[in-house]
Every structure is written in C-alpha cells, then in structure tokens.
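Subject: A structure for you to explore

Hi there,

Here is the structure I promised to pass on to you. Please open it beside this email, and then read on for what turned up in it.

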Amino acid sequence: MTGPKGGYYKAELGEPHKFDPTFRGPVHNRGCTDVLCCVIFVIVILGYIVLGTVAWMHGDARKVVYPTDSYGQFCGQQGTPNANKAILFYFNILQCANPTVLINLQCPTTQLCVSKCPDRFATYIDMQLNYRRNKSYWDYYKQFCKPSFDNPDKSVSLVLQDEDCPSMIVPSRPFLQRCFPDFITRNGTLTVANKTSFKDGHGKTRSVVDLRDAANGITSLLDAKEVGVKIFEDYASSWFWILIGLVISMLVSLIFILLLRFTAGVLFWMVIFGVIVAVGYGIWHCYWEYSSLKGKPSSDITISDIGFQTDFRVYLQLTQTWLIFMISLAVIEAIIILVLIFLRNRVRIAIALLKEGSKAIGCLMSTLFYPIITFLLLALCIAYWAVTAVFLASSGDAVYKVMSTRPDCKYTNLTCDPKTFSQSNVTKLCPASQCTFAFYGGESLYHRYIFVLQLCNLLVFLWLVNFTIALGQCTLAGAFASYYWALRKPEDIPPSPLASSFGRALRYHTGSLAFGALILSIVQFIRIILEYLDHKLKGAHNAFTRFLLCCLKCCFWCLEHFIKFMNRNAYIMISIYGKNFCASARDAFFLLMRNVMRVAVLDKVTDFLLFLGKLLISGSVGVLAFFFFTRQIPVIQEEVPSLNYYWVPLLTVIFGSYMIAHGFFNVYAMCVDTLFLCFLLDLEKNDGSATRPYYMASSLRAILNKKNKRPEEKKKRRKQKKEQPNKRH
C-alpha cells in the first residue's frame with residue numbers, strides 16, 4: 001500500500017514503515033536470512049553425498065553396461081570365465097516375442113555369453129549327423145553350448161530337454177552386445193544369409209519371417225545403428241565448422257543485445273504496424289468474400305443448420321462464416337488500437353527499460369558470461385544424479401524368475417534358484433520353462449527402500465537444480481541493481497558488482513534461495529508423479545479418474561509457472577534489500593500488484609522482442625549454414641566437408657544458435673526485470689528533490705515528466721523568494 005506522500009508501506013510487527021529514504025542501492029550491511037532452511041539445505045546435501053556413497057558401495061555400474069547371462073554373470077567381465085565372451089547369445093530366439101523382451105533379459109530361453117555370433121545356419125541334429133564324419137562340426141557348434149557340456153553323442157531329446165545346447169543357430173551379428181539375426185532385404189524379400197527358410201532343430205522348416213516376428217523391430221534398430229554411424233562421421237568431419245557457426249551466433253547475440261538500445265522501439269513499432277496492416281487486410285478480405293457470396297443461392301444457410309462437417313471448406317461457402325471472421329478481426333483490431341492509445345505511455349516505458357537494459361549490459365559485460373557458471377553447476381548436478389540413479393538401480397544380488405512360453409504356467413514370474421531348478425516340480429508341471437536371471441535386488445532394508453531412495457534422489461536433484469538457477473538470478477539481479485542505483489552512470493557503479501553480488505548471495509542468502517527453490521521443487525516433483533500416473537493410466541477406461549488427473553496436471557502447471565514468476569521477483573528484492581524470502585516475496589507481490597498494467601505491458605513487450613531476437617539469430621545463422629553446407633557459397637565452396645547428411649550439422653547449428661541466444665537473452669531478461677522493479681521502487685520512494693533524487697534514466701524521467709531538482713536551482717529559488725518582498729516595498 002502507498003502512504004499519503006506516495007511512499008511504500010510494509011507491515012512489520014503491526015506497524016507501517018516507509019522504505020528507508022536514505023536508500024542508495026543494494027544494502028551492504030546484511031544479516032543471514034532463513035538460517036533454518038540454510039541448515040536443512042546443508043544437511044540434505046551431506047545426506048545426498050552419503051546416499052551417493054552408499055549407492056556406490058552397493059551398486060555396480062557393470063550391471064548396466066554389460067549384458068548378463070541366465071546365471072547372472074557379466075559378459076566380457078575381466079577376471080571371470082566370460083572375460084573374452086562379451087556378446088550375449090539366445091538359445092532359441094523364436095521364443096522371444098519382441099526386442100523389448102530381449103533387451104530387458106526376460107526372454108524365456110537360456111542366455112549364454114559367447115565370443116562371437118554364429119555365421120551359418122545349423123541344427124543340433126545336423127551337427128550330430130556330420131560329426132561322425134568330421135569332428136570340426138562339433139568344435140564349431142559347442143562354442144554356443146554350455147561350457148560344461150562336451151558330449152556330442154548325448155541324445156538330441158535329452159540335450160534339448162536339459163538345455164545343454166541350442167536346437168539351432170542362425171547367422172547373426174552383434175547389436176547392443178547381443179546376437180540378433182542378420183536380416184537383409186534382397187529385391188523386396190527378407191533373407192538371412194541369402195536364405196528365406198531354415199530348420200528349427202525340431203524337424204520343422206520355418207520361414208525367415210518367423211525370425212523377424214520373434215525379433216520384431218530389430219531391423220529398424222540395426223538401420224538406426226547404421227544411420228548413427230553416418231551421423232557420427234558427419235560430426236567428426238564438420239565439428240570445426242559447427243563451432244564456427246556457434247561462435248558467430250554468440251557474437252550476433254551480443255551485438256543484438258547491445259543494439260537494442262537503438263532498435264528496440266523501431267522493432268516494436270514496425271511489428272505492431274505490420275500486425276495492424278495484416279489484420280486490416282484480413283477484415284477487407286472477409287468483407288470481399290462476404291459480398292461475393294451474399295447474392296448466391298444456399299449461401300445464407302446458418303452454421304447451426306448444416307451442423308458439424310469434417311470438410312472445413314463447406315463452412316467457407318457460407319456468408320455467416322465470413323461475417324463472423326470479419327467481426328472477430330475487427331474486434332481484435334479495435335483492441336490493439338485502443339491498447340496503443342490508452343497504454344502508449346506504458347509501452348514507451350517498457351521500450352525505454354529495454355534500451356536501459358542494453359546500456360546496463362554494456363557497462364557490465366561480465367554478466368553475459370555468468371551463464372557458463374550456471375551451466376557447469378547444472379552439469380555437475382545432472383551427472384551426480386545420473387550416476388547415483390544408476391548405482392541405486394544396480395544395487396543388490398541377482399534375482400531369478402521362472403520364464404515359460406506356456407500361458408497357463410502358474411509359476412511364471414515366481415523367484416527360483418537356478419542350481420536346484422532342474423530338480424523342482426516346476427519343470428514337470430511347466431515343460432520348457434527356464435529359471436532365468438531377471439534383475440538385481442534383495443530382501444534387506446536397503447533393498448526394500450530402493451524405490452524410495454530413487455524418489456529422494458530425484459527430489460534433491462530438483463532442489464539443487466532450482467537452487468543453482470536461483471543463485472544465478474539473485475547474483476545477476478544484485479549486479480544490475482548496483483547499476484540502477486548509481487546516480488552517475490558508470491562513475492558511481494561499485495567495483496566488481498557481479499563478484500560482490502555473488503558473494504553476498506552465497507554468504508547471506510543461501511537459506512532464502514534454498515527456501516524458494518524447495519517450494520518450486522516440490523511442485524515439480526508432484527508434476528512428475530502426476531505425469532507418471534497419467535502414463536500408467538493411459539489404458540484405463542475410468543473417465544472421471546482421467547479427468548481429475550488432467551485437472552490436477554493443469555493446476556500444478558499453472559502453479560509452477562506462478563511460483564517461478566514470484567521466485568524470480570523475490571530474488572530481485574532479496575538482492576536489493578537483503579530480507580528473508582517470505583518478506584521479499586510479499587514486498588515484490590504487492591509492488592507488482594500496485595503496477596499491474598505496467599507489469600503486463602513490460603512482460604509482453606520483453607517476451608515478444610526477445611522471442612523475435614531468438615528467431616532472427618537462429619534463423620539467420622541457420623540460413624548461412626544451409627548455404628555453406630549445401631556448397632552454395634562460391635568463395636569457400638572447396639572448404640565444405642563431404643557429408644552423408646547435410647542436415648546433421650545444419651540442425652546442430654540452428655539448435656545450438658537458439659540455445660546460445662536463449663542463454664544471452666535470459667541474462668538480458670533478468671536485467672530488464674531488475675531495472676523494472678528498481679524503477680517502481682524509485683518512483684515510490686523518491687520525489688526528485690535534492691535529498692531524494694530519481695535514479696532512473698533521463699529518458700524514463702522525460703516520459704513521466706519527472707525532473708531532478710539541483711541544489712543550485714533550489715538556492716536560486718530561495719534567493720528569488722527573499723528578493724521579491726523587498727522589490728514590492
């Protein structure tokens with residue numbers, strides 16, 4: 001609320017107090033804020049380190065990297081019998097339904113580590129027949145049998161019953177460290193080693209299509225691998241030019257920000273004029289269509305008469321449609337013009353603040369490179385979270401489950417012991433069932449709460465990420481506030497404002513930043529849980545549950561964006577006044593509410609110009625990259641590398657340029673927001689007198705018809721007042 005003289009009041013212990021009239025910039029004599037939250041934050045970080053250490057002690061990343069056979073042994077693990085056997089081989093791939101089953105190691109067949117994949121069609125029956133003539137057949141076939149088995153004379157039925165050897169082998173090649181059939185399409189026909197049929201080892205002739213159905217999607221994955229190799233080659237040959245393109249986008253972004261002080265107004269009014277002209281043309285076109293259809297038969301039918309039609313062109317034959325379009329566009333045109341007429345001063349203030357932001361960044365160039373620190377901290381948080389998640393997921397001992405191809409087997413997915421499985425009743429009640437490795441787990445307290453620990457890992461990760469972003473926002477806000485509250489710019493700007501602001505934020509306001517980050521993290525955590533539930537309930541037919549979940553997702557999305565907006569402004573107030581988070585958020589909220597129209601106009605003008613800048617930079621650099629990689633620039637045509645897909649470096653340059661522009665413009669947006677809040681505070685606590693001058697730029701004072709009175713002018717006026725009575729006498 002405002003006082004009788006325009007000063008800003010705040011409620012504290014029930015008594016109103018004005019802002020300190022002697023305030024001249026960010027407060028330096030500060031105290032620590034939200035100490036309790038700071039202590040909790042430090043304890044949580046220490047606990048997070050402990051969690052990562054425990055996960056590292058119990059987990060094993062090799063369980064994720066290396067494939068595991070039916071006995072829970074790693075393929076390719078050094079110091080084990082499988083040291084030279086890095087590829088996983090499936091005894092009967094026909095029993096695998098799809099590649100998801102294969103990759104998750106849930107295929108109901110024996111899985112064995114081998115040194116290489118088979119390169120020929122063969123069956124165990126054929127091997128026994130040929131073995132009597134040439135023992136080399138057995139020497140080749142036995143490398144795909146269990147290591148302990150070396151009896152080629154054993155009957156076929158017993159070998160297949162005991163799963164000593166596969167009933168057949170097919171030409172395969174390794175993919176994801178697993179042997180998959182080597183599919184090749186020749187003249188539109190699917191083949192494996194130039195064959196379209198094979199024997200399955202049980203006396204039946206099967207089609208290669210059966211293999212494809214068993215390994216559905218593998219061919220597309222293999223094609224994706226080939227494409228991936230080509231993309232890697234393109235990156236290897238064009239990385240230097242990609243780097244040049246990103247450097248160009250960085251320089252263009254910097255120049256664009258510095259030039260905004262001269263072009264912000266021109267850009268805004270040009271686009272607004274273009275929108276007005278475009279909408280005006282739309283009104284004229286709608287009127288022309290309406291006039292053309294007015295005299296035609298059946299064109300005066302109403303939309304409600306024809307009802308819903310899938311072909312939209314039907315509605316374009318009605319005069320009512322074009323009348324609705326014309327009225328809608330006329331209303332939009334009127335709103336735009338009225339807004340420009342009645343809010344023109346606020347638009348001018350927004351443009352002036354954008355120009356002032358460009359000047360501030362020109363004086364504080366180091367702020368443009370602060371996002372590098374934020375990026376490094378975020379990379380550290382992401383890496384620690386990912387490693388901890390992997391080690392938590394790989395904690396525990398090998399768990400084995402019964403796998404069967406028979407749908408009526410009641411023992412399917414029950415735990416089992418591979419050592420005693422062959423003597424159990426399961427093999428009698430469910431023939432062809434297997435005791436196969438499923439995952440890593442355990443029955444201890446630690447293993448029972450792995451899922452809870454993963455949730456804790458996610459929540460703390462979100463907290464650290466949001467704290468890192470909050471630290472960057474508070475640091476930049478403190479630096480730009482130092483610029484605004486310098487009466488003479490740049491002479492009165494304190495030395496090293498960015499470093500000083502960073503030190504103040506860490507030393508005094510870690511608790512406040514952690515508090516705001518925690519609130520946002522909890523909301524984001526709930527949103528992730530809602531997304532997970534929505535994914536799980538996609539097949540549900542309960543309409544009310546889906547509707548309720550959709551409403552909750554929408555509400556929490558809005559809440560997250562509101563909290564982000566309030567946190568951003570609260571951090572600005574913290575950087576200026578050094579109060580705790582709740583007091584700063586309250587002050588920022590009421591300050592913005594008292595100037596809600598200015599906030600709305602500035603927010604939209606800023607978002608519009610920055611979005612336009614991002615598109616302009618990424619688009620211009622993308623066009624330049626397109627002409628370069630397609631050899632359409634004659635001067636440097638010979639320097640273009642030979643590429644498989646020219647769109648690989650092109651899309652990389654466009655996306656990278658957009659992200660670089662986004663990083664630069666985030667700093668600029670923070671600068672404008674900080675200057676805006678300082679501007680509002682300046683208006684409320686100062687009156688332009690010699691003791692309380694305005695700190696805003698002269699362009700802003702001119703728009704508001706505000707002036708700073710000089711002490712000399714004040715003395716002259718006093719002297720003139722004293723002389724006037726003497727002249728009268």
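Let's start with a term: a salt bridge is a side-chain nitrogen of Lys or Arg within 4 Å of a carboxyl oxygen of Asp or Glu. By that rule, the structure, which is a predicted model, holds 10 salt bridges. As background, side chains of opposite charge can pair when their charged atoms come close.

One of these bridges joins K553 to D534, with their closest N and O atoms 3.1 Å apart. This pair links distant parts of the chain, since K553 sits in helix α18 (residues 543-577) and D534 in helix α17 (residues 510-536), 19 residues apart. K553 is partly exposed, at a relative accessible area of 22%, while D534 is buried, at 14%.

Helix α18 has another bridge to look at, between K564 and E560 (3.4 Å, N to O). Both residues belong to α18 and are 4 residues apart, about one turn of the helix. K564 counts as partly exposed, with 38% relative accessibility, whereas E560 is buried, with 6%. R568 pairs with D673, and here the closest N and O atoms are 2.7 Å apart. That bridge also links distant parts of the chain: R568 is in α18 and D673 in helix α21 (residues 647-685), 105 residues apart. In addition, R527, E560 and K564 form one network through salt bridges that share partners.

Now for the nonpolar side. In soluble globular proteins, nonpolar side chains tend to be buried together. Here the largest nonpolar core has 108 residues, and F676 and F679 have the most contacts inside it. At least three residues of this core come from each of domain 2 (238-368 + 596-685) and domain 4 (446-594). A second, separate core has 22 residues, including V114, F144, F149 and L160. If you click on F679, you can look for the residues it touches, among them I349, Y484, R598 and L704.

Which helix should you try next? I suggest α15 (residues 450-484), whose 35 residues reach 51 Å from the first C-alpha to the last, close to the 51 Å expected at 1.5 Å a residue. Of those 35 residues, 27 are buried, so α15 is largely enclosed by the rest of the structure.

Finally, the overall picture. The protein chain has 23 helices and 14 strands, and 43% of its 729 residues count as buried. It exposes about 39,500 Å², with carbon and sulfur atoms supplying 64% of that area.

Happy exploring!

Conventions: Residues are numbered from 1 along each chain as its sequence is written. This is a predicted model: local features need pLDDT of at least 70, side-chain atom pairs count only at pLDDT 80 or more; totals for chains, interfaces and linings use all residues. Side-chain values use heavy atoms; hydrogens and water are left out. A nonpolar core is a set of buried Ala, Val, Leu, Ile, Met, Phe, Trp, Tyr and Cys residues joined through side-chain atoms within 4.5 Å. Buried means under 20% relative accessible area, exposed over 50%, partly exposed in between (1.4 Å probe, protein chains only). Domain bounds come from an automatic or database domain assignment. Contact means heavy atoms within 4.5 Å. Helices (H or I, at least four residues) and strands (E, at least two) are DSSP runs, numbered from the N terminus. The expected span of a helix is 1.5 Å times one less than its number of residues. Accessible areas come from the Shrake-Rupley method with a 1.4 Å probe; for residues, only the protein chains shown count as cover. Lists of a residue's contacts leave out its neighbours within four places in sequence.
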